[in-house]
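User: Please take a close look at one part of this model, the packing around a single well-buried strand region, and describe its surroundings in one connected account.

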Amino acid sequence: MDGIVSDVAVGVKRGSDELLSSSLYSSPSSGMSNIVTANGNDSKKLRVEDRMDCPPSRVLHIRKLPNEVSETEVIALGLPFGKVTNILTLKGKNQAFLELGTEEAAMTMVNYYTAVTPHVRNVPVFIQYSNHKELKTDSAGNQRAQAVLQAVSAVQAGGTPTSGSTASESALTPAPSPVLRIIIDNMFYPVTLDVLQQIFSKFGTVMKIITFTKNNQFQALLQFNDPVNAQQAKLALDGQNIYNACCTLRIDFSKLVNLNVKYNNDKSRDYTRPELPAGDGQPAVDPSVAAAFNKDSTSLLGALSPLSAAAAAAAAAGRVALSGHSGSSGVLLVSNLNEEMVTPQSLFTLFGVYGDAQRVKILYNKKDSALIQMADANQAQLAMSHLNGQKMYGKIIRVTLSKHQTVQLPREGLDDQGLTKDFTNSPLHRFKKPGSKNFQNIFPPSATLHLSNIPQDVTEEDLRLLFSNTGGTVKAFKFFQDHKMALLQMSTVEEAIQALIDLHNYNMGDNHHLRVSFSKSTI
């Protein structure tokens, strides 16, 4: 509990830093009577509650911040989750309070940071619900913070900061360009164009990316469709690590206002012009990998698998760069399952989209919960980021990292009613082969499914009928040219999840087993 102070036993001794207005207290003279009553009438020393048990609130208490932290850095923690409506930093105590626009945004933020430890200036910080429902700050004592907030709000709303926000930092002046220049420091692992696209697209539409190596450093130019989105991405991501303690993003505005992309390949991409040629110069190996090899041939030994690149992007899909897992085992706890319907096989199939599930155990005394052991911590992170909050058999499932390091198999001869299954030697693992194409095709659950390994004599009608038998409606269908692959769109994501569970590895005859995965395309 080191470092937790009661929520507002705040810089009252600090004269001009009395940041909380008297409206938080019953009256200025009565000191803290409102809060004291709630804490057992002990005016000398406020009993510290365990605020992990505090009910959700849109006000969050952030502890263990580094000494020189700025308001902008604290706001950046909340920015990807929604509108930040107030902030109070307690400089002497290395703490801050952050108020978000809605309780839902605050819950998303707390849930996310429970799984992935937030870092500010490479220091892990702690976030929990405050026992206040809103922050009331007096504008005189908290002027600088309010100016920064005002500037951020203006940027989020698409305007420019109003005059008088001189205290706001240079990061918050009107965005000069929709193009960002990105330099990646400490690049021990390859960073691909796709990883950048997934991380930055959380802040707006990414239109074009060009990557190159300059002064022996991997760099990129990335163009948003709006300077405001570039501003938000810079504010939230500058200084963040893509992977734990390395691949640090350094972001500035480019002098260019428009990128001219000639080829769509591993080095450059124009998402607005999919018809562009790949060009002769398309490298067989990603330029970032080549650059890393040129710089230091040992830097990729023991490097992350391509799956962890996807894990970083998924963490970004969780809305921030990934700075280390808390409890980095490869075991997940899945709860709120439909215990009438769920089986180890159905969990293996769904979680197998994001990694190789080794063992699955539905808990004997709590059949709406299960433990799933993935091949490693990156796969567990990836599955959690994509599947937490999705609907399976009509129930919204919760996915968190488990404290267990492995999933135990039942003792030999013990009948556990088929609740535990060992899939270690399953032929259905998607990611066993190094360099498999599956690594590049990891997408969030979507209503559109990608089908492959379709026999030549199977028609569109056959497939529409097969998929509508899973209990959903087929909205659209499109064969690829060779008819071995197709896109099929269900009416909801939940229906698509159900269809994937039921029909991935379905035998279409002549030992053709259908392959089903989520697609990023729409029909």
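Analyst:
**The surroundings of Leu 449**

Leaving aside neighbours within four places in sequence, Leu 449 is in contact with Phe 467, Ala 486, Leu 487, Leu 488, Met 490, Ala 496, Ala 499, Leu 500, Val 516, Ser 517, Phe 518 and Ser 519, where contact means heavy atoms within 4.5 Å. The model is predicted, so to speak of local features requires pLDDT of at least 70 and side-chain atom pairs count only at pLDDT 80 or more, while totals for chains, interfaces and linings use all residues. Residues are numbered from 1 along each chain as its sequence is written, and side-chain values use heavy atoms, with hydrogens and water left out.

Leu 449 is listed with Leu 347, Phe 351, Leu 451 and Phe 467 as having the most contacts inside the largest nonpolar core, which has 85 residues. Such a core is a set of buried Ala, Val, Leu, Ile, Met, Phe, Trp, Tyr and Cys residues joined through side-chain atoms within 4.5 Å; buried means under 20% relative accessible area, exposed over 50%, and partly exposed in between, with a 1.4 Å probe and protein chains only. Helix α3 (residues 103–115) gives the largest share of this core, 7 residues; helices (H or I, at least four residues) and strands (E, at least two) are DSSP runs numbered from the N terminus. Apart from this core lies another, of 27 residues, including Ile 184, Leu 196, Phe 200 and Phe 203.

Two of the core residues named above, Leu 347 and Phe 351, also belong to the buried part of α9, together with Pro 344, Ser 346, Phe 348, Thr 349 and Leu 350. In helix α9 (residues 344–351), 7 of the 8 residues are buried. Phe 348 and Thr 349 also line the largest cavity, whose lining is completed by Gly 352, Gly 355, Asp 356, Leu 428, His 429, Arg 430 and His 504. That cavity holds about 70 Å³ of space, and its lining divides into 2 nonpolar, 5 polar and 2 charged residues.

Strand β20 (448–452), together with β23, also supplies at least two residues each to the lining of the second largest pocket, in which about 790 Å³ of space lies. Of the 28 residues that line this pocket, Asn 438, Asn 441, His 450, Ser 452 and Ser 517 are the closest to its centre. Ser 517 thus appears in this list as well as among the contacts of Leu 449. The largest share of the lining, 4 residues, comes from β23, and by class the lining has 11 nonpolar, 10 polar and 7 charged residues. Here Ala, Val, Leu, Ile, Met, Phe, Trp, Tyr, Cys and Pro count as nonpolar, Asp, Glu, Lys and Arg as charged, and the others, Gly among them, as polar. On a 1 Å grid over the protein atoms alone, a cavity is a set of points where a 1.4 Å probe fits but cannot get out, and a pocket is an open set with protein on both sides within 12 Å along at least five of seven lines; lining residues have an atom within 4 Å of a point.

In the loop between α12 (493–503) and β23 (515–518) lies Met 508, which, neighbours within four places in sequence aside, is in contact with Pro 455, Val 458, Leu 463, Leu 466 and Leu 514. Met 508 and Val 458 are 50 residues apart in sequence, yet their C-alpha atoms are 8.4 Å apart in space.

Notes. Grid points are joined across faces, edges and corners, and a volume is the space filled by probe spheres set on the points.
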